Amino acid sequence: MAVLTLDRPDRRNALDAGLKTALRHALAAAADDDGVRAVLLTGAGKAFCVGQDLAEHAAGLRADPGHAFDTVEADYAPIIRLVTTMAKPVVAAVNGACVGAGLALALACDLRVLAEEAVFATAFTGIGLTCDSGLSATLTRAVGEARAKELVLLGRSFTAEQAVAWGIAGQVVPGADVGKTGLELAARLAAGPTAAYAESKRLISESWGRDLGTVLTDEARAQERLGRTGDHAGAVEAFLGKRAPVFTGH
């Protein structure tokens with residue numbers, strides 16, 4: 001596993017230029033490392049991530065307003081693409097406040113474990129902005145269009161229990177256990193059929209807006225590729241022999 005921790009606890013892990021660059025590089029390294037079979041993303045201290053560092057943003061607006069939003073395409077978009085497209089599962093252990101681009105980052109991950117005290121909000125319209133970091137898509141897919149509009153337009157916060165009820169996550173645990181639970185989940189994925197996970201992640205992501213015929217064809221081709229792996233053959237033999245399968249990712 002690669003464990004990536006957003007580490008600005010004094011700023012509730014707000015994303016400044018240094019943290020965005022470090023996160024982008026760490027995600028790229030994890031994506032390219034064949035030895036990494038799963039990624040766990042969490043935050044240091046009492047927050048997961050409260051989004052853009054507004055003090056840095058305000059300074060950028062004053063100094064060079066024409067380029068204050070370059071970071072959206074230079075940093076936020078690549079970070080979300082790395083999380084969503086890497087051929088391995090990414091787990092978010094949401095240990096606290098998860099706001100704005102922080103919420104978008106958690107939603108980009110494949111699975112989420114939430115601390116029971118975690119609080120969520122979109123926050124963008126509260127400062128006169130709209131969604132970025134893919135939130136308009138990932139939030140809508142998670143909770144539906146009507147609720148997504150309510151959360152974005154009204155800026156309402158919501159709890160971990162509500163996040164589970166709305167389908168954003170499947171598990172809420174005490175805050176003291178969220179890191180351990182996230183590690184256990186990531187370890188389970190790292191020991192699993194990672195080639196199958198990669199195909200499944202891609203199929204689910206690309207299914208939006210596709211017609212059923214295209215989806216069926218893509219699924220068939222993915223099954224053919226996986227059918228030629230040692231993981232598949234070994235798992236079938238293990239099932240017939242009543243043994244636990246051992247997956248290598250190949």
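Helices and strands here are DSSP runs, numbered from the N terminus, with at least four residues for a helix and at least two for a strand. Keep that in mind as you work through these exercises on a predicted model.

**Exercise 1. Find which helix gives the most residues to the lining of the largest pocket.**

*Solution.* Start with the space itself: the largest pocket holds about 750 Å³. Its lining counts 26 residues, and those closest to the centre are Leu107, Ala108, Cys109, Asp110 and Ser205. Next, look at the elements that supply at least two lining residues each: helices H3 (70-85), H4 (101-108), H5 (135-143) and H9 (194-206), together with strand S6 (111-115). Among the contributors, H9 comes out on top with five residues.

**Exercise 2. Sort the lining of the largest pocket by residue class, then say which domains it draws on.**

*Solution.* Sorting by class gives 13 nonpolar residues, seven polar and six charged. For the second part, take the domain assignment, which lists domain 1 (2-191) and domain 2 (194-241). Each of these two domains provides at least three residues of the lining.

**Exercise 3. Describe the second largest pocket by its volume, its central residues and its classes.**

*Solution.* The volume is about 370 Å³. Of the 21 lining residues, Gln52, Leu54, Phe124, Ile127 and Leu129 lie closest to the centre. Helix H2 (54-63) and H3 each contribute at least two residues to this lining, and H3 has the largest share, with three. By class, you should arrive at 13 nonpolar, seven polar and one charged residue.

**Exercise 4. Characterise how domain 1 and domain 2 meet, using distance, contact and buried area.**

*Solution.* First, the distance: the C-alpha centres of the two domains are 28 Å apart. Then the contact, which involves 14 residues of domain 1 and five of domain 2. Now for the area. Interface size is often expressed as the accessible area lost when the parts come together. Between domain 1 and domain 2, about 740 Å² is buried, with carbon and sulfur atoms giving 58% of it. To finish, count the salt bridges between the domains: there is one.

**Exercise 5. Show that aspartate 110 and lysine 201 form a salt bridge.**

*Solution.* The cut-off to apply is 4 Å between a side-chain nitrogen of Lys or Arg and a carboxyl oxygen of Asp or Glu. For the side chains of aspartate 110 and lysine 201, the N to O distance is 2.9 Å, and the pair is a salt bridge. Now return to the largest pocket, where Asp110 is one of the lining residues closest to the centre.

Key:
Residues are numbered from 1 along each chain as its sequence is written. This is a predicted model: local features need pLDDT of at least 70, side-chain atom pairs count only at pLDDT 80 or more; totals for chains, interfaces and linings use all residues. Side-chain values use heavy atoms; hydrogens and water are left out. On a 1 Å grid over the protein atoms alone, a cavity is a set of points where a 1.4 Å probe fits but cannot get out, and a pocket is an open set with protein on both sides within 12 Å along at least five of seven lines; lining residues have an atom within 4 Å of a point. Grid points are joined across faces, edges and corners, and a volume is the space filled by probe spheres set on the points. Ala, Val, Leu, Ile, Met, Phe, Trp, Tyr, Cys and Pro count as nonpolar, Asp, Glu, Lys and Arg as charged, and the others, Gly among them, as polar. Domain bounds come from an automatic or database domain assignment. Contact means heavy atoms within 4.5 Å. Buried area is the accessible area (1.4 Å probe) that two parts lose on being put together, summed over both.
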